[in-house]
Amino acid sequence: MALAALWYLATIPLGLISPGRFPSPIDVWVAFRQAAFTGYANGLLYQHILYSLRLVIFGFFVAAATGVPLGLLMGWSRRAEALINPVFLFIRPIPPLAWIPLTILWLGIGDAAKIVVIWFAAFVPSVINTLTGVRAVESYVIEAARMLGTPRYRFFKEVLIPAAAPAIFTGLRLSLQASWTTLVAAELVGALYGVGRILNVAQQDIYPGMIFVGMACVAAFGWAMTRLLAACEMRSLPWIQTSRVYS
Amino acid sequence: MAAIVFDEVEKTFDIGRVGFAALQSVDLTIADKEFIAIVGPSGCGKTTCLRLVAGFEFPSAGSVRVDGRPVTGPGPDRAVVFQQFALFPWKTVFDNIVLGLRNKGIARDERNKRVTGAIALMNLEGYEKAFPHQLSGGMQQRVAIARAYVLDPDVLLMDEPFGALDAQTRTTMQEELVRIARLNPRTVLFVTHSVEEAVYLADRVAIMTRRPGRIKELIDIRSVRIAEDWDRHERIEDVMDLESFIHWRTHIWRSLREEKSGQDR
Amino acid sequence: MTGGSPYRLTRAETLAYSATGTLLFLGAWTLLSLSGVIPRQFLPPPYEVAARFIQLLSTPFAGATLLQHLASSVMRFAYGFLLGAAVGIPLGLLMGWFRILDEIVSPIFDALRFIAPIAWVAFAALWFGTGIGGPLLIIFAGAFPPCLISTYRGARFVSRPLIEAAQMLGTSDLQIIFEILLPASIASIVAGLRVAAGLAWQSLIGAELIVASTGVGFMMVQAQLNISTPTVMSAMVAIGLVGALIDVGLRRIEAAVRRRGFV
């Protein structure tokens, strides 16, 4: 609260910060209204947001749906891990954003390219965390399941996956964050719609108020998605009572 | 049920390039429905013996047979009660206990009947829908025992099952175990650090040497127990007061000391 | 359920499987490329990329050789990363000790930390034009949060008895911060540094894609505009290599710190 007041004071009456550099609260409000009701960069605010969200969610799901099973496989089977590891080790250090030029070459600046980039970004954390989670399951849990004569399918479904679930969720959280970050970056580089596009155009237009609006959107949705995933985690893992300090 | 035979069993673990000899040459025959306790200094290999019967490890030499057949892997015929309980935290008490029965393909009505019976036997009524983390250590171990018991196994393998419990809970569990064991006897292999526990519970006590272990001595407690009618006393402290108990306890203690003194360097 | 994991593979087996995997991967790549299923223009075979990579080490592209581009990228990374650490670590220690500071800074930090570093590019361009300030801000935005968080966590969760002993001995606040909290949280800090380095490197690349005129990221964008796929891929390999080196280096440091055995 105090901060908001400080912000307002610094920009308008005191003119400490020039409006060309950083927007005042009024500027931001004006920009927001424009984006929300009149439209900016070829669309209303909610349209841009929806566009971005659609891509993130789709990309995230594809990455999770491919990453978690692979992580399970590599975590469980040392053979699979040894086989796939070299490729993985090769792909891993390449920052997701570095895939952007290549995907633009391949697929242009449309939706498909964005999804591919998101996939590269979100895939890796899912695999790694799932793998680690499987490896971390205590041996006596596995032994107990074997002693009880648990057949393979049931073993995965009712023992291994629940045991690794906390780690899997961590991976999903990182994947989601990576998806969002990467999408914004990809949209900044080249896009027709989306939150990143807003930022891009606002920067070219030298419109600080709109820049702020764009960044606020990025922050807000980044936070919201993390919260949502945390809620899902709480719901699906009722037996966990640990609290996280900083996620 | 079944007899267990250790026939010149050796076990060496490969840690990196070094071989770690856990068992030197173990010969032991456990009769059908016999309750055997194995005691020995830390690291002597008593848990390894249990794991060989369970099928989590395999002998480097010699053979381990249950009911005449060599052990090929773990299974519900040799139920294990782990020191760490090894309950599945995401399953309720009921689901933890019933899993083994589901794996055996037993029909639902029969399953529920058996589980309810086991729950009653272990004094767990009312906790069917609780999760392990909501239970005390003693109760968790009861669930683990129920889980093993409900399988009606030929062999019950208990690896220091009361080691993680506090002293009072421990004595309660020991008394309960005696009650159940006398009610429905089966072959039991019980590994423990505690000499009192071994003498109180077992028909025979096997004393192991320090690593690499072998069976040093076998003490027949059962004949003493029956002769002195220990089961007449309900409470463990009353049994532990008896001269016959103290005699054998001290004997085993001394035997262990010999092993331990070799270990303290 | 028989056999089952996690049994271990022998070193020879691991090598065999890994080699097979690598060969399969390269083989599939070459096949896809040469067979024309994906036009060669977009998926050059591995050896072509390798050749281009070597070529770029000495031949300039978009203004400089690969090594020169890398050099300017690494410089920016270093500045941004060190700045992030230089601000994040002390601040984290102070916040871990002085509750008031924690209460003032935390809300601001929480609001800002969910902004993807790359999103700062708009303000960066506005404030710094095409100067080094732009990328620096973005890299800082990437490196700062992990440094702050890991230091803060390390400092806050130092075991109480240690602090109480120090207070009993009459240690001043400042002394406690630097002589107790800092050493006690060093493991956490170094772990955070590794995460920060990774993020900083990523943010650097992102920044260079948009607001730079030298550096590997810039090189990649130019190559993409020129439709020179081998160059793009070579740049990606270079980026990956450097990123991996940085990570390995920090892991070594982390392991060394852990071995020294501070708490």
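# Report on a predicted three-chain model

In helix H1 of chain B, the buried residues are Lys46(B), Thr48(B), Cys49(B), Leu50(B), Arg51(B), Leu52(B), Val53(B) and Ala54(B). A residue is called buried if 20 or more other C-beta atoms lie within 10 Å of its own, exposed if 12 or fewer, and partly exposed in between, with C-beta atoms placed from the backbone. Helices (H or I, at least four residues) and strands (E, at least two) are DSSP runs, numbered from the N terminus. H1(B) covers residues 46–54 and is largely enclosed by the rest of the structure, because 8 of its 9 residues are buried. After H1(B) comes Gly55(B), with a positive phi near 95°.

This is a predicted model, in which local features need pLDDT of at least 70, side-chain atom pairs count only at pLDDT 80 or more, and totals for chains, interfaces and linings use all residues. Residues are numbered from 1 along each chain as its sequence is written, while chains are lettered from A and ligands numbered from 1 in the order in which they are written.

## Confidence

The model has an ipTM of 0.84 and a pTM of 0.82. pLDDT is the predictor's confidence in each residue, from 0 to 100. In chain C the average pLDDT is 85, and 96% of the residues score at least 70. Among the elements of chain C, the highest mean pLDDT, 91, belongs to helix H3 (residues 66–97), and the lowest, 81, to helix H5 (residues 121–128). In residues 1–6 of chain C the pLDDT is below 50, and this stretch has 13 contacts in the model beyond near neighbours in sequence. Two residues are in contact if their C-beta atoms, placed from the backbone, lie within 7 Å.

## Chain A

Chain A contains 10 helices and 0 strands. Of its 247 residues, 51% count as buried. Among contacts in chain A with a separation of 6 or more, 73% come from residues 24 or more positions apart.

Helix H8 of chain A comprises residues 152–189. Its end C-alpha atoms are only 47 Å apart, whereas a straight helix of 38 residues would span 56 Å at 1.5 Å a residue. The expected span is 1.5 Å times one less than the number of residues. H8(A) has a kink of about 60° at Ala165(A), shortly before the proline Pro166(A). The bend at a residue is the angle between axes fitted to the seven residues ending there and the seven starting there. H8(A) is mostly covered, with 28 of its 38 residues buried.

Arg235(A) lies in helix H10 of chain A. Is Arg235(A) buried or exposed? Arg235(A) counts as exposed because it has 8 C-beta neighbours inside 10 Å. From Arg235(A) to Ile109(A) the distance is 38 Å, C-alpha to C-alpha, with their positions 126 residues apart in sequence.

## Contacts between chains

Chain A touches both chain B and chain C. The contact between chains A and C takes 50 residues from chain A and 49 residues from chain C. Elements giving two or more residues to the chain A side of that contact include helix H4 (78–91), helix H5 (99–107) and helix H10 (208–236) of chain A. In the contact between chains A and B, 14 residues of chain A meet 19 residues of chain B. H7(A) gives the most to the chain A side of this contact, with 6 residues.

The table divides each side by class, where Ala, Val, Leu, Ile, Met, Phe, Trp, Tyr, Cys and Pro count as nonpolar, Asp, Glu, Lys and Arg as charged, and the others, Gly among them, as polar.

| Side | Nonpolar | Polar | Charged |
|---|---|---|---|
| Chain A, touching chain C | 37 residues | 7 residues | 6 residues |
| Chain A, touching chain B | 9 residues | 3 residues | 2 residues |

## Chain C and a loop of chain B

The buried residues of H5(C) are Val121(C), Ala122(C), Phe123(C), Ala124(C) and Ala125(C). Their cover includes H8, H9 and H10 of chain A, together with helix H6 (133–156) and helix H9 (186–211) of chain C. Just after H5(C), Gly129(C) has a positive phi of about 55°.

Glu125(B) sits in the loop between helix H3 (108–121) and helix H4 (137–149) of chain B. Glu125(B) counts as exposed because 9 C-beta neighbours lie inside 10 Å. Neighbours within four places in sequence aside, Glu125(B) is in contact with Ile119(B) and Ala120(B).
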